[in-house]
Amino acid sequence: MLQPSTLKFLKSLKQHNNKVWFDEHRDQYLTAKADFESMVQQLIDGMAKQDATLAGLQLKDCVFRIYKDVRFSKDKTPYKINMAASFQAGGKKSTLAGYYFHLEPGGNSFAGGGLWMPPAPELKKVRQEIDYNFDEFERIIANKGFIKHFGKVEGDALKTVPQGYQSDNPAIAYLKLKSLIVSHPITDDACLQPSLVREILKTFALMQPLIAFINRAMD
């Protein structure tokens, strides 16, 4: 579970997203950071048992910095208003599919993951895997538990048919995707419950067949 003070800090940061306020409340930030990282470590330990490809992951491989890169952004506020962690083989900078937890008060928290905007060569491999093994892919995403928890696989899509495929391909809706993402919302109240880590691990377990399918294509 997370502490109420962690969510309170993020709510306050959203209202006062500037360096002066942040520096004045650095102790609160460090407390919130330690709380979040403690929970992430529990997820790392749990995921190492569920998915052998994640063995050896450390906190630094998973947790994202709160500081924003504003060089190419119109929004110049210096800090993210969320805390997040990604779990995939090779760490958060890997191009492989993985699992993700996003903490953002106000009903914006979620657990999910998949493959986010991969380089063209990797995306080409995934499209080929879906095309060649669409029956298997469809069984994964049509699972009742999967649908109940996530709904459907989402992501930005091409407006045209990708090169090498026909519009009548049964998998065309998925072949047009530039990312393959699923997510499950988590309420603020759920973030404060002792069952939080257990529930996130259940969510990740439901995703595991999809993650394995995608990463098999890139092996």
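Glu129 lies in helix α5. The model it belongs to is predicted. Start at this residue and work outward.

Is Glu129 buried or exposed? Its relative accessibility is 15%, so it counts as buried; the cut-off for that word is under 20%. Which residues does Glu129 touch, leaving aside neighbours within four places in sequence? They are Phe213, Arg216 and Ala217.

Now step back to the whole helix. Helix α5 covers residues 120–132. At 1.5 Å a residue, its 13 residues should span 18 Å, and the C-alpha atoms at its ends are indeed 18 Å apart, so the two values agree. Glu129 has company inside: Glu122, Leu123, Val126, Arg127 and Ile130 are buried in α5 too. These buried residues cover an arc of only 160° around the axis, which means they sit on the same side of α5. A general rule helps here. An α-helix has 3.6 residues a turn, so residues three or four places apart point the same way. Look at the other side of α5 next. There Ala120, Pro121, Lys124 and Tyr132 are exposed.

What covers the buried residues of α5? The cover includes two strands, β3 (109–115) and β4 (180–186). It also includes the helices α6 (134–141), α8 (172–175) and α10 (196–218).

Follow β3 from here. Ser109 is found in this strand. Ser109 has a relative accessibility of 2%, so it counts as buried. Its side chain reaches the backbone nitrogen of Glu104 at 2.9 Å. Not counting residues up to four places away in sequence, Ser109 touches His102, Leu103, Glu104, Pro185, Ile186 and Cys191.

Cys191 leads to a new topic. Why does Cys191 not form a bond with the closest cysteine sulfur? That sulfur belongs to Cys62 and is 18 Å away, which is too far for a bond. In general, a disulfide is a covalent bond between the sulfur atoms of two cysteines. The rule used here asks for sulfur atoms within 2.5 Å. By this rule the count of disulfides is zero. Both cysteines are hidden from the surface: Cys191 has a relative accessible area of 0% and is buried, and Cys62 is buried as well, with a relative accessibility of 0%.

Go back to β3 and move along the chain. Between β3 and α5 comes a loop, and Met117 lies in it. What is unusual about the phi of Met117? Its phi is positive, about 45°, although Met117 is not a glycine. Most residues other than glycine have a negative phi. Met117 has a relative accessibility of 41%, so it counts as partly exposed.

A second loop deserves a look. It runs between β1 (83–87) and β2 (98–103), and Ser94 is found there. A polar atom of the Ser94 side chain lies 3.0 Å from the backbone nitrogen of Leu96. Leaving aside neighbours within four places in sequence, Ser94 is in contact with Gln88 and Ala89. Ser94 and Pro118 are 24 residues apart along the chain, and their C-alpha atoms are separated by 9.7 Å.

Helix α3 is the next stop. It holds residues 26–50, which makes 25 residues. From first C-alpha to last it reaches 36 Å, close to the 36 Å expected at 1.5 Å a residue. Its buried residues include Tyr29, Phe36, Met39, Leu43 and Met47. Charged names appear in that group too, among them Asp35 and Glu37. What do the buried residues of α3 pack against? Their partners are the helices α1 (4–15), α2 (19–24), α4 (59–62) and α10, and the strands β1 and β2. Helix α10 is also part of the cover over α5.

Finally, take in the whole protein. It has ten helices and four strands. From the N terminus on, they run α-α-α-α-β-β-β-α-α-α-α-β-α-α. The radius of gyration is 19 Å, close to the 17 Å that the globule rule gives for 219 residues, so the protein is as compact as a globular protein of that length. Along its principal axes, the C-alpha trace spans about 60 × 40 × 30 Å. Buried residues make up 42% of the 219 residues. How far along the chain do contacts reach? Among contacts between residues at least 6 apart in sequence, 66% join residues at least 24 apart.

Notes:
Residues are numbered from 1 along each chain as its sequence is written. This is a predicted model: local features need pLDDT of at least 70, side-chain atom pairs count only at pLDDT 80 or more; totals for chains, interfaces and linings use all residues. Side-chain values use heavy atoms; hydrogens and water are left out. The expected span of a helix is 1.5 Å times one less than its number of residues. Buried means under 20% relative accessible area, exposed over 50%, partly exposed in between (1.4 Å probe, protein chains only). The arc is that of the directions from the helix axis to the C-beta atoms. Contact means heavy atoms within 4.5 Å. A polar contact is a pair of N or O atoms within 3.5 Å; within protein, one must be able to donate a hydrogen and the other to accept it, and residues adjacent in sequence count only if both atoms are side-chain atoms. The radius of gyration is taken over C-alpha atoms; the globule rule is 2.2 Å times the number of residues to the power 0.38.
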